Amino acid sequence: MKRAILLGAGLFLVLAFCLGPYVWLLITSLRPPAEVAADPAALPAALSLESFRAVFSERPFFRIVGNSLLVAILSTALCLAAATAAAFALARLPVPGNRAVLALLLSVSMLPPVASVGPVYLAASALGLRDTAAALVMPYAALSLPLATWILHGFFRDLPADLHRAAKVDGCTPLQALRKVLLPPVAPGIAAAAILTFIFSWNEFLFALSLTSTDRSRTVPVEIALFAGVHEVPWGEIAAASVVATLPILLVVAALDRFLVRGLLAGSGKG
Amino acid sequence: MTTGIRLEGITKRFGSAVALERVDLEIEPGSFTTLVGPSGCGKSTLLNVIAGLEEPTSGRVFFDGEPAEGKGPAERDVAFVFQSYALYPHLTVYENLAFPLRMAKRPRAEIDARVRETAEKLELGPLLGRKPRALSGGQQQRVALGRAMVRRPKAFLLDEPLSNLDATLRLAMRAELKRLHREIGATFVFVTHDQTEAMSLSDSIAVMNGGRILQHGDPLGVWRDPDDVFVGRFIGSPPMNVLPARFSGREGTVAGVRPQDVRLAPPGRADGHSGTVTLVEPLGPEFHVRVDSGGEEIVAVTAAADGAPPEAGSAVTLVIAAGAIRLFDEKTGRRVV
Amino acid sequence: MSRARFLESERRVGFLCLAPALLAVAAFSLAPLAIVLWLSLRRHMPVFGISRFVGLDNYAYLVSDPRFLSSLGNTAYVVLASVALELVLGLLVALLLDRSFSGRRIARAAVLVPWAFPTVVAASAWGFLLSPGFGVVNRVLGIDANWLGDPWLAIHAVILADVWKSTPLAALLLLAGLQVIPRDLGRAALVDGAGAAARFFRVTLPLLRPTILVVVLFRSLDAFRIFDVVYVLTGGGPANTTESVSLYAYRLYFQTLQFGTGSAVSIASCLVMAAWSAVMVGLLSTSRRGA
C-alpha cells in the first residue's frame, strides 16, 4: 500500500514536470494581455481570448499556420513515398549492398543540420527559391528520409517471406506485390513514419529560419521566435501562438500515441 | 533441515478470475510432494503463494506451524527453481551460484566453499567460468538447481523445471532429482502437468483442477482409488475408462475402469459385454486395444507376453472384474461407495 | 521468364525504388557535405564577391579562435550535463511506467508531450518560467536568480530546457529496454534474498547496459547539434557564453556571411561527432558480446 502511494506521488511529479510548463502557457494565453504584462507570474483573475485575437489579427498568423501545414503535409507525403519504395527495395528485393545503404542512411541522419544548411541556402538563392514553401519541402523530406526508411525497413522485414513469394507465384510484378499484398500489413509502420515526419517538419527551426524571410513562407516556429519585441516581450501573445502551434501535435499525440511510440522505438533500433 | 508446510483456506483472485479456491494442504516435512494438473489449474499460483511470490487473497500459509505472512521468499527459507531457470545472464555460473549467498552477506571463504561443493555435486565444476548462454539446456537446469541448493533451504519449490528438456534428458534429470531429494532430505514441492513425472517422483501427489485440490495422497493410492472422475482420468495412462450406468449397475452413476483391468475374451460369453475391436496400437511391451461396445469406446491394455490381441474388426467379449469397477456420481464426478 | 532474368528485373525494380531516396540523400546531405568541405578550404563571401582557396587557414584560425573554443566547451558541457540528467531522470520515469496500471497509456502519452512540441515553444515556455522578476520558478523558489543574464545560470537554463524536452525520448527507450528483461529474473533475485536496491543494481542495471549505451549515443549526438533552444532562450548570450557550435556556425554563415569559416566549424563538429560515435559504437559492440 505504501508502495502504491509512493509510485502515485512519483507519477504525479513526473506528469507535473512534463505538462506543467505547457499548462502554464495555456493559462497565460487565456489571460487578458494587460494582466499578463502587469504580473506575468500570478494566477489568472479573469479569462479572455484577447491574446488569441491579437495573434491572429495583428500578425499574419493564419498565413503562417497555413505555410506550416502546407510544408508539413507535402514533405511528409514526398518523404513517405520515397521511403516506402526504398524500404521495400532494401528489405524484399535483391539489391546488392542493402546493409551498406542502410548504414549510410543512418550515419547521414546523424549529421548536424547546420552542416547542410549553408549549401542548401546558396542553392535556393541561386534557383530563386528563397522565401518559398518549396524551398523547405524538399530539404524536410530529405532530412526525414533516413528515419522513415529505417522504420519501414523494419516493418517490411518482419513480414513473412512467404507473402511476397505467394504474390510472385500469383503473377505479380514487384510493384504490384508491393501495392496489393505488402502495403496493407505495413500500414501501421507508414502511419508511424508519417507521424514522426510530420512532427519533424512542423517543429523544424534552423532551415526555416535560414531559408525564409517574410511571412510569404515563414513557418510557425520561426514566427514565434520573432515575437519578442525590442522593448517588451508579449508573453500573452507568445503563449497564445504557442498553444495554436502545438494544437495539431497534441491531437496527434493524444490520438495516435501508439503509432508514435512504435515509430520512436523502431527508429532507435528497439522496435 | 526441513520443514512442514500447511496451507489453510488459500484463495487467490486476479481481478474477477479465481485462480485458487479455498485450498487446504498439509505437506509432510522431508516429503516430495507434487502438485499436478492441467494448464490453468492453479498449481503454479499455489507454488508462488507458498514461496511468498504472490500474496493470497485470503487464507494462511504456515511453515512448521509458524505463520508466514509478511515474510518474503528469502525469509521463509525456501528456494525456487523456475521453469525458465531465470539464470542471471550477465553473471558466470560461479556468480549465479554465489548470488544468494552474497545477498545473505556470507563471508567470502564460505561462499567459495559452498559454491564449489554444490558445483561438484551437480557436475558443474568445469563450467563455473561460463555464462548461461554458453550452456546447454540440461546444464542450465542444473545451475538453476544448484542456485537453489547452495542456500541449503528448508524447502525446495520447483515450477515445472523439467518441461523445457528433451525426452531423454528429462528422464535422466528425473532420476537425478529423486536422488538429490534422498540425499538432501529437505521438503520438495514440485509442480508439473505430466502425470507420469508426478507418479514416478513423488511421495505424495495433489491433483488439482479449476483452482482446487481434488485429491491428495500417495501416488499408487491415488491411482488405485481415485476420488473423482477427473483424477481417475488424469492419473494413469491410458486414461481410465468412464462408462455409463449399464456398466456400473447403478442408476445415476458412471463406472470407472482402468484399461489394465479390462480383459479381452472370446466372443459370446455371457458374463461380459460384447464388442468389436476398432483399433489395435502396438506399443512394444503392451498393446492398447480400442473396442466399441454398444456405442461406447473402451480401451483395454494387454501384455505382449499374452500374445497378439484380436485384430481390428473381430468380435470380443469384455470381461471386467466387479472389484475393478469404481463408481462415481454421474453429476458431480465424486466417488460413491 | 528464366530465373536469372527474373532476378535481374527484380533488381532493376529495386534500383528504381531506391533511386528517389538515394537521390534525395545525395542532394541534401552528401552533396552539401562535400560542398561544405570544399567551402571550408576557401574564403567565401558571396555578398562581397570573394571566393578563393586558402587551404587549411580556416581551421588554423579556429584552433586559436576563443569564440570557437568557448562554443566547443559550452556544447560539450551541455552534452555532458544533459545526457547525464536525461539518463537518470529517464530511468526513473521508465521504472515508474514499467508497471501496468490503469491510465498507463495516457501517462505515457503525457510524458511524450515535451518531446512532441516544437523546441521553440519549449524554449519560449522556459524563458517565460525563468524570467527574472516575474518568472514562476523564481516565485516558487523564493529567490531572484537572473537565469538568463548570468552566464553560469544561463547555460544551466539551456540544459534545463533541453532536459525537459529530451527526457521523454530517453525514458521511452529505457522503458523498452526494461520490458525486455524477463520477469523471472527479478523474482529469482527476490527468492535469493535481494532487496529492491540490490535487485536494481545487480540485475536490472547490468542487463540494461546495451540500452543505456544506445540512449547515450543517440542523445549525445543529438545534444551536440543543439541550436533551437540556445537561439530562442538565450540567443547564445549573455555575451556568447552559451553559444553552441551550431549557433556559431549559423552566425558565421548568416550574420558575418563568412561561409568559409562557417563551413570549417561545421566540418569540425562533424569530425567530433564521428569520433564520438566510433567510441560509442565500439563500447556497444563489446557490451553486446559480453552480457
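This tour moves through chains A, C and B in turn, stating what to select and what is found there.

The model is predicted: local features need pLDDT of at least 70, side-chain atom pairs count only at pLDDT 80 or more, and totals for chains, interfaces and linings use all residues. Residues are numbered from 1 along each chain as its sequence is written, while chains are lettered from A and ligands numbered from 1 in the order in which they are written.

**Chain A**

Select chain A. Twelve helices and zero strands make up its elements, where helices are DSSP runs of H or I of at least four residues, strands are runs of E of at least two, and both are numbered from the N terminus. The C-alpha trace of chain A spans about 75 × 65 × 30 Å along its principal axes. Of its 271 residues, 48% count as buried (20 or more other C-beta atoms within 10 Å of the residue's own, with C-beta atoms placed from the backbone). Among contacts in chain A between residues at least 6 apart in sequence, 74% join residues at least 24 apart; two residues are in contact if their C-beta atoms, placed from the backbone, lie within 7 Å.

**Chain A against chain C**

Add chain C to the selection. Here 74 residues of chain C are in contact with 69 residues of chain A. Helix 1 (residues 3-40) of chain C provides the largest share of the chain C side, 21 residues. By class, the chain C side that touches chain A holds 55 nonpolar, twelve polar and seven charged residues (Ala, Val, Leu, Ile, Met, Phe, Trp, Tyr, Cys and Pro count as nonpolar, Asp, Glu, Lys and Arg as charged, and the others, Gly among them, as polar).

Next, isolate helix 1 (residues 2-29) of chain A and helix 4 (residues 104-116) of chain C. Their axes come within 8 Å and cross at roughly 40°; axes are lines fitted to C-alpha atoms, for helices over the stretch in contact, and angles run from 0 to 180 degrees between N-to-C directions. The two helices are therefore oblique to each other, the term for angles that are not under 35 degrees (roughly parallel), over 145 (roughly antiparallel) or 65 to 115 (roughly perpendicular). Show the side chains of L11(A), V14(A), L15(A), C18(A), L19(A) and Y22(A), which meet A107(C), A110(C), V111(C), V113(C) and P114(C). This contact has eleven nonpolar, no polar and no charged residues.

**Within chain C**

Colour chain C by domain: domain 1 covers 3-40 and domain 2 covers 65-290, with bounds from an automatic or database domain assignment. Their centres, taken over C-alpha atoms, are separated by 33 Å. Four residues from domain 1 and six residues from domain 2 form the contact. On the domain 1 side, three are nonpolar, one is polar and none is charged.

**Chain B and its contact with chain C**

Select chain B, which is assigned domain 1 (5-233) and domain 2 (240-336). The centres of these domains, taken over C-alpha atoms, lie 38 Å apart. Their contact takes seven residues from domain 1 and nine residues from domain 2; the domain 1 side comprises three nonpolar, one polar and three charged residues.

Finally, display chains B and C together. Their contact takes 17 residues from chain B and 15 residues from chain C. On the chain B side, strand 6 (78-81) and helix 2 (93-103) are the elements that give two or more residues, and helix 2 of chain B gives the most, with three residues. The chain B side divides into 14 nonpolar, three polar and no charged residues.

Notes: A residue is buried if 20 or more other C-beta atoms lie within 10 Å of its own, exposed if 12 or fewer, and partly exposed in between; C-beta atoms are placed from the backbone.
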